[in-house]
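Colleague: Could you walk me through reading a protein–DNA model? I'd like the general idea each time, then the case at hand.

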There are 2 protein chains.
Amino acid sequence: MVVQNIKFHPNSSNLSSNVYSQLRLKLITGDLKPGEPLSIRRLANEYNYSAMPVREALRQLASEDALVGAAKKAYRVPDLSSEEASKLFYVRAALEGASAEIAAKKVLKKDVKYLKSLSLSMDFAWKKNDSSSFLEQNFLFHSYIYSMAQNPVLERMAENLYIRTGPWLAQGIKNLSNSNVWEKSHDGIIKALSEKNSVLARKLIEEDSSWGKQLYQTDV
Amino acid sequence: MVVQNIKFHPNSSNLSSNVYSQLRLKLITGDLKPGEPLSIRRLANEYNYSAMPVREALRQLASEDALVGAAKKAYRVPDLSSEEASKLFYVRAALEGASAEIAAKKVLKKDVKYLKSLSLSMDFAWKKNDSSSFLEQNFLFHSYIYSMAQNPVLERMAENLYIRTGPWLAQGIKNLSNSNVWEKSHDGIIKALSEKNSVLARKLIEEDSSWGKQLYQTDV
DNA sequence: TCATAGATACTGTGATCACAGTTATCTTAT
DNA sequence: ATAAGATAACTGTGATCACAGTATCTATGA
């Protein structure tokens, strides 16, 4: 697996951050479904940790709205209404667009190379029907574009929004039979970036980003 | 004091969230300065809580980048470089601008009324040299505009960015003698909103938002 | 048969202790 | 007087227990 490739938070030093990273990944790959409850003790047992690191990880994710937690009730993966999901995708598209526009002005050859390799991996995973790997690499693709803008603030917020759309993307992908619209979309984005066409890059990323939005569309 | 007026997180049910809210407020009002260390035990003692709720609050704030925490070292208020601060203000301006643009299309009479009252309170606090109250109400002013856009995702992110610029605004305000540029600025924003002029509202908010930016400017 | 009350097995939250790494201070040797 | 080294006072982290709400399931009533 490619799990280790994902560069999440710096603090791999403590258990709490381990749990945090692993849960984040599970949100992206669709291992956690909308509405699914997460019990501290159950997870602690599963990871062979004590309850302490797990609860801190859950609280942390909840503070980022990647999970929800009511008082004295189990934490859950948010089960958004169509309207809420739509708003989420809206903001994500805005931030991804902004990232892409800046990225296009700073793009290097190695960047294009890396994005192409990711696109290939995704194609591979797709043909193998490995949706988990596919989704993970899709995250890496988008995440890399955020990072190209070289604004850590922007990058982190865009990543957060991606995580939160994760369970919805994972769900949406299954209804997608085997048309590979995404491949054309990503190729177009890479091309626009490599040509430093910032306007086009923004436009295409915004479209790609709201690819999932249309599945839950009810107009903002 | 107006502290209770600030609508932070829903969970006022547990101690952890209490600490969280209070620290957020302190970031806004300039009670916490850039680089200042925050000790779990010290705070626990100060609030007469155990260490547990405090540590969770600190971790939560750290997860939002409102604080920083290295391994086994005290949590601290981020001490940003000029460049980092500048990038922070950049993203904040972008999100505030987007909020204002949407808000202008949805504005109601009561909104204008409320914003005007806030502006008056700020003027009052300013003349009394009560910078703490001034800064708190300035947050409420901006925060209310985020909320007008009726997109909770956008709202929360914009608030987060405001919190993070808090200590810098507080520091910048002291160098501002007694010119009341902010008053003209806010009056202009209110006017643009009340006329539903979304383009102008965005422009003015962006300017007001980067008001602090120029203090630390080094070009993005 | 269905509804309702009660018991039981969950849930997160808070307190407290032990531990290990970091920082600061003070002493000692050069 | 200055620098280096030991020691003491910090720091966050993790484990474990007690507690109080919440949900679920079962038994008992009509």
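Modeller: We'll take the two copies, then a helix pair, then the DNA surface. This is a predicted model, where local features need pLDDT of at least 70, side-chain atom pairs count only at pLDDT 80 or more, and totals for chains, interfaces and linings use all residues. Residues are numbered from 1 along each chain as its sequence is written, chains are lettered from A and ligands numbered from 1 in the order in which they are written, and side-chain values use heavy atoms, with hydrogens and water left out.

Colleague: What turn and shift lay chain B on chain A?

Modeller: Generally, two copies of a chain are related by a rotation about an axis and a shift along it. Here a turn of 180° and a shift of 0.0 Å along the axis put chain B on chain A with an RMSD of 0.0 Å (least squares on the C-alpha atoms of residues with pLDDT of at least 70 in both). The two copies are thus related as by a two-fold rotation axis. In chain B, Q60(B) has the C-alpha nearest that axis, 2.7 Å away.

Colleague: And through which surface do the copies meet?

Modeller: The same one, because 100% of the interface residues of chain B are also interface residues in chain A.

Colleague: At what angle do α1(B) and α2(B) cross?

Modeller: Two packed helices are described by the angle between their axes and the distance between the axes. The axes of α1(B) and α2(B), residues 40-47, come within 12 Å and cross at roughly 100°; axes are lines fitted to C-alpha atoms over the stretch in contact, with angles from 0 to 180 degrees between N-to-C directions. That makes the two helices roughly perpendicular (65 to 115 degrees). Helices are DSSP runs (H or I, at least four residues), numbered from the N terminus. In contact (heavy atoms within 4.5 Å), V19(B), Q22(B), L23(B) and K26(B) of α1(B) meet L43(B), E46(B) and Y47(B) of α2(B).

Colleague: Which residues come nearest DNA strand C?

Modeller: S39(A), R55(A), K72(A), L15(B) and S50(B), out of 20 around the strand; a residue is near if one of its heavy atoms lies within 4 Å. α2(A) gives the largest share of that surface, three residues.

Colleague: Where are the phosphate contacts?

Modeller: Polar contacts here are pairs of N or O atoms within 3.5 Å. Polar side-chain atoms of Y75(A) and N14(B) each lie 3.3 Å from a phosphate oxygen of DNA strand C, while a polar backbone atom of L38(A) is 3.2 Å from one.

How values were computed
Polar contact = N/O pair within 3.5 Å; in protein donor to acceptor, adjacent residues only side chain to side chain. Parallel < 35°, antiparallel > 145°, perpendicular 65-115°, else oblique.
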